Amino acid sequence: MQNLADSMLNLSSLQHGGGLPQEVCDLAEIGSRAVAVLQPRARQAGVVVHLATEENFTVTGDPVLLESLLVNLLDNACKYGREGK
């Protein structure tokens with residue numbers, strides 16, 4: 001619920017000319033959290049999820065939105081991916 005509320009506030013800010021929060025984010029850490037969230041669903045769907053990143057892989061952005069993006073991509077892979085791939 002908190003992520004949904006934050007997303008709505010960010011959308012409102014964008015619509016009114018404001019910017020999104022920007023910070024240096026560890027993409028490997030965000031990816032690990034996203035994989036952990038979707039791992040049970042992936043197993044159920046027969047989809048193999050493997051995270052391979054470089055050390056100190058950082059980007060500038062909103063960590064909540066980046067995690068949401070990765071969870072959404074992984075969820076789509078679970079829904080539409082082929083079993084065992």
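## Helix α3 and its packing against helix α2

A77 is found in helix α3, where helices (H or I, at least four residues) and strands (E, at least two) are DSSP runs numbered from the N terminus. The model is predicted, so that local features need pLDDT of at least 70 and side-chain atom pairs count only at pLDDT 80 or more, while totals for chains, interfaces and linings use all residues. Residues are numbered from 1 along each chain as its sequence is written, and side-chain values use heavy atoms, with hydrogens and water left out.

With a relative accessible area of 35%, A77 is partly exposed. On this scale buried means under 20% relative accessible area, exposed means over 50%, and partly exposed lies in between (1.4 Å probe, protein chains only). The C-alpha atoms of A77 and A45 are separated by 9.4 Å, with the two residues 32 apart along the chain.

The chain has 3 helices and 2 strands, and from the N terminus on its elements run α-β-α-β-α. Of its 85 residues, 20% count as buried. Contact means heavy atoms within 4.5 Å. Among contacts between residues at least 6 apart in sequence, 84% join residues at least 24 apart.

Helix α2 (residues 27-45) and helix α3 (residues 63-80) pack at an angle of about 20°, and their axes are 9 Å apart. That angle makes α2 roughly parallel to α3. Angles under 35 degrees count as roughly parallel, over 145 as roughly antiparallel, 65 to 115 as roughly perpendicular and the rest as oblique. The axes are lines fitted to C-alpha atoms, for helices over the stretch in contact, and angles run from 0 to 180 degrees between N-to-C directions.

The crossing of α2 and α3 is right-handed, meaning that the near helix is turned clockwise from the far one by less than a right angle; anticlockwise would be left-handed. On the α2 side, the residues in this contact are I30, G31, R33, A34, V35, V37, L38, R41, A42 and A45. They meet P63, L66, E67, L70, V71, L74, D75, C78 and K79 in α3. The residues of this contact divide into 13 nonpolar, 1 polar and 5 charged. Here Ala, Val, Leu, Ile, Met, Phe, Trp, Tyr, Cys and Pro count as nonpolar, Asp, Glu, Lys and Arg as charged, and the others, Gly among them, as polar.

P63 is in helix α3 and is buried, with a relative accessible area of 18%. Leaving aside neighbours within four places in sequence, P63 is in contact with E23, C25 and I30. C25 is buried at a relative accessible area of 3%, and C78 is buried at 6%. A search of the whole structure finds 0 disulfides, a disulfide being a pair of cysteine sulfur atoms within 2.5 Å.

Two residues of the loop between α2 and β2 (58-61) can be set beside these. N56 lies in that loop and counts as exposed at 72% relative accessibility. V48 lies in the loop between α2 and β2 as well, and counts as exposed at 58% relative accessibility.

The table lists C-alpha separations for three further pairs.

| Pair | Separation in sequence | C-alpha to C-alpha distance |
|---|---|---|
| P63 and Q22 | 41 residues | 8.4 Å |
| N56 and A28 | 28 residues | 7.8 Å |
| V48 and C78 | 30 residues | 8.9 Å |
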